[in-house]
Amino acid sequence: MAAIYLELGSTGRNGNPVAKFHLGNGAKLHLVNWAGDLSRKGFRQLAGLMVNYLYDLGNVEETHEKFANGEIVYLRSVGRLMAP
């Protein structure tokens with residue numbers, strides 16, 4: 001569900017601000033890590049989830065443009081999390 005939220009909601013006005021920052025700067029959604037942040041703050045903010053973003057320097061401009069047009073670029077491993 002977190003992957004779907006990040007993919008569908010990050011371009012919207014109420015999207016996750018950290019996701020919007022990285023994706024808007026041309027990063028790709030790389031990994032969604034369950035139990036990536038087990039601190040008290042991590043559980044309070046994101047139920048222990050941690051997201052990794054990948055800056056592929058050869059494609060940053062293209063990825064930024066896609067985000068500006070409402071499309072999120074993500075790796076296959078993230079796409080598999082969204083499959084029914």
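This is a short tutorial dialogue on reading a predicted model, with helix 2 as the starting point.

Student: Let's start with helix 2. Which of its residues are buried?

Tutor: Remember that we are looking at a predicted model. In helix 2, residues 17-24, the buried ones are A19, L23 and G24.

Student: Why do the buried residues line one face of the helix?

Tutor: Here is the general idea: an α-helix has 3.6 residues a turn, so residues three or four places apart point the same way. In this case, looking down the axis of helix 2, the buried residues fall within an arc of 115°, so they line one face.

Student: And which exposed residues sit on the face turned away from that buried side?

Tutor: Those are P17 and F21.

Student: What covers the buried residues of helix 2?

Tutor: The cover includes two helices, helix 1 (2-9) and helix 4 (60-68), together with strand 1 (28-33) and strand 2 (50-54).

Student: How do I read the two ends of helix 2?

Tutor: Look at the residues beside each end. At the start, a side-chain oxygen of N16 comes to within 2.9 Å of the backbone nitrogen of V18. Just after the helix, G26 has a positive phi of about 95°.

Student: Which residues make up the largest nonpolar core?

Tutor: There are 12 of them, including A19 and L23 from our helix, along with A3, L29, F67, V78 and M82. Helix 1, helix 2, strand 1 and helix 5 (76-82) each give two or more residues to this core. To see one member's surroundings, take V78: leaving aside residues up to four places away in sequence, V78 touches A3, L29, H30 and L31.

Student: Now the open spaces. What is the volume of the largest pocket, and which residues are closest to its centre?

Tutor: The volume is about 370 Å³. Of the 17 lining residues, N16, V18, L46, L49 and V51 are closest to the centre. Helix 1, helix 2, helix 3 (40-46) and strand 2 each supply at least two residues of the lining.

Student: Is K28 buried or exposed?

Tutor: K28, in strand 1, has 16% relative accessibility; it counts as buried because the cut-off is under 20%. Setting aside residues up to four places away in sequence, its contacts include L23, Y53, D56, N59 and T63.

Student: And what about T63, buried or exposed?

Tutor: T63 belongs to helix 4 and is buried, at a relative accessible area of 5%. With the same sequence neighbours left out, T63 touches G26, A27, K28 and V73.

Technical notes:
Residues numbered from 1 in each chain as written. Predicted model: local features only at pLDDT ≥ 70, side-chain atom pairs only at ≥ 80, totals over all residues. Heavy atoms only, no water. Buried < 20%, exposed > 50% of the residue type's maximum accessible area, 1.4 Å probe, protein only. Helix = DSSP H or I, 4+ residues; strand = E, 2+ residues; numbered from the N terminus. Arc of directions from axis to C-beta. Contact = heavy atoms within 4.5 Å. Polar contact = N/O pair within 3.5 Å; in protein donor to acceptor, adjacent residues only side chain to side chain. Core = buried A, V, L, I, M, F, W, Y, C linked by side-chain atoms within 4.5 Å. 1 Å grid on protein atoms, 1.4 Å probe; cavity = no way out; pocket = protein on both sides within 12 Å on 5 of 7 lines; lining within 4 Å. Points joined across faces, edges and corners; volume = space filled by probe spheres on them.
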